[in-house]
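Okay, thanks for coming, everyone. Have the sequence and the picture in front of you, and I'll talk you through what I looked at this week.

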Amino acid sequence: MFGVIALYIILIVGLDELILYRFNHIPDIEFIKKYYVYNFFAKIAIAVLLYTSFFTFKLMYHKNRVTLLKLTEELDEKNQALNILNISLEHKVAERTVKLSLQNKRIENLAHTNAHEIRANIARIMGLSDIMKHDVSQEEKKYCESKILENISDLEKITKNLSKELIEEE
């Protein structure tokens, strides 16, 4: 814009100087008329140039502003979509965390059952079978056999309960 104003000043001053230099004689009425006409058309041309420059800058400003508004709207839409995605991911992470916690509890229960209940019954059965290998009375053998069957029955109950728990939790 400042360039256009500077150009206007240069053209007006330069035009005056050019006309006075070209007509190197004393101005007469004809010279003044020509000078006036040249000056008038030069000012009109410069005014048109200024107006079109201003209009062009205004049009470019408006176009850039519209483009910026569109880009801002697109960015806002993408930010909203990203926020929705983040919330969705947070929910999924929370759900998976709950699932993993439940699975960890199941594994702990299974490990506890394995370490204590199942192994205790197996250890009893092994101990009773070792006793039966030695010289023991018939009555003691029957007692050991009944206790072995009792422990086997307990093992069966434990495995059924574990199967039920695993099926229910899935």
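Let me start with a question: leaving out residues up to four places away in sequence, which residues does Ile118 touch? The answer is Thr113, Leu155, Ile158 and Leu162. Keep that list in mind, and let me back up a bit before we return to Ile118.

One thing to say early: this is a predicted model. The mean pLDDT of the protein is 83, and 81% of the residues reach 70 or more. Confidence isn't even along the chain, though. Helix H1, residues 2–22, has the lowest confidence, with a mean of 65, while H2 has the highest, at 87. As a rule, where pLDDT is low, the predicted coordinates should not be read in detail. With that in mind, I'll spend my time on H2 and H3.

So, the overall layout. There are three helices and zero strands, and starting from the N terminus the order is simply α-α-α. Helix H2 covers residues 29–133, and helix H3 covers residues 138–169.

How much of the protein counts as buried? Of its 170 residues, 13% do. The protein exposes about 14,600 Å², and carbon and sulfur atoms supply 64% of that area. Now look at contacts between residues with a separation of 6 or more: 61% of those come from residues 24 or more positions apart.

Back to Ile118, then. Ile118 sits in helix H2. Is Ile118 buried or exposed? Its relative accessible area is 16%, and the cut-off for buried is under 20%, so Ile118 is buried. One of its contacts, Ile158, is 40 residues along the chain from Ile118, yet the two C-alpha atoms are separated by 7.4 Å.

Next up is Asn151, over in helix H3. Asn151 is buried too, with a relative accessible area of 6%. What is Asn151 in contact with, once we set aside its neighbours within four places in sequence? That would be Asn121, Arg124, Ile125 and Leu128.

Okay, let's move to the charged side chains. How many salt bridges does a search of the whole structure find? Three, and I'll go through them one by one.

The first on my list is Lys133 with Asp130, where the closest N and O atoms are 3.8 Å apart. Both of these lie in helix H2, three residues apart, which is about one turn of the helix. Lys133 is exposed, at 69% relative accessibility, and Asp130 is partly exposed, at 41%.

Then there's Lys147 with Glu150, at 3.7 Å from N to O. Because they are three residues apart in helix H3, about one helical turn separates Lys147 and Glu150. Lys147 is partly exposed, with a relative accessible area of 25%, and Glu150 is partly exposed at 43%.

Last of the group, Glu156 pairs with Lys160, and here the closest N and O atoms are 3.6 Å apart. These two are in helix H3 as well, four residues apart, again about one turn. Glu156 is partly exposed at 44%, whereas Lys160, at 51%, is exposed.

Now for the rings. Searching the whole structure turns up one aromatic pair. Why does the pair of Tyr51 and Phe55 count as stacked? The ring centres are 6.3 Å apart and the planes sit at 15°, and planes under 30 degrees apart count as stacked, so this pair is stacked. Tyr51 and Phe55 are both in helix H2, four residues apart, or about one turn of the helix. Tyr51 is exposed, at 56% relative accessibility, and Phe55 is partly exposed, at 46%.

One more stop: the surface. Which residues form a nonpolar patch there? They are Tyr36, Val37, Phe40, Phe41, Ile44 and Val48, with about 600 Å² of accessible area together. Take Tyr36 as an example: Tyr36 is in helix H2, and its relative accessible area of 57% makes Tyr36 exposed.

If you'd like to explore on your own afterwards, try finding Ile118 and its contact Leu162 on the picture, then do likewise for Asn151 and Leu128. That's all from me, thanks!

Technical notes:
Residues numbered from 1 in each chain as written. Predicted model: local features only at pLDDT ≥ 70, side-chain atom pairs only at ≥ 80, totals over all residues. Heavy atoms only, no water. Patch = residues over 30% accessible without salt bridge, like charges linked within 9 Å, V, L, I, M, F, W, Y side chains within 5 Å. Areas by Shrake-Rupley, 256 points an atom, 1.4 Å probe, with all protein chains shown as cover. Salt bridge = Lys/Arg side-chain N within 4 Å of Asp/Glu carboxyl O. Buried < 20%, exposed > 50% of the residue type's maximum accessible area, 1.4 Å probe, protein only. Contact = heavy atoms within 4.5 Å. Phe/Tyr/Trp six-rings, centres within 6.5 Å; stacked < 30°, edge-to-face > 60°. pLDDT = per-residue confidence, 0-100.
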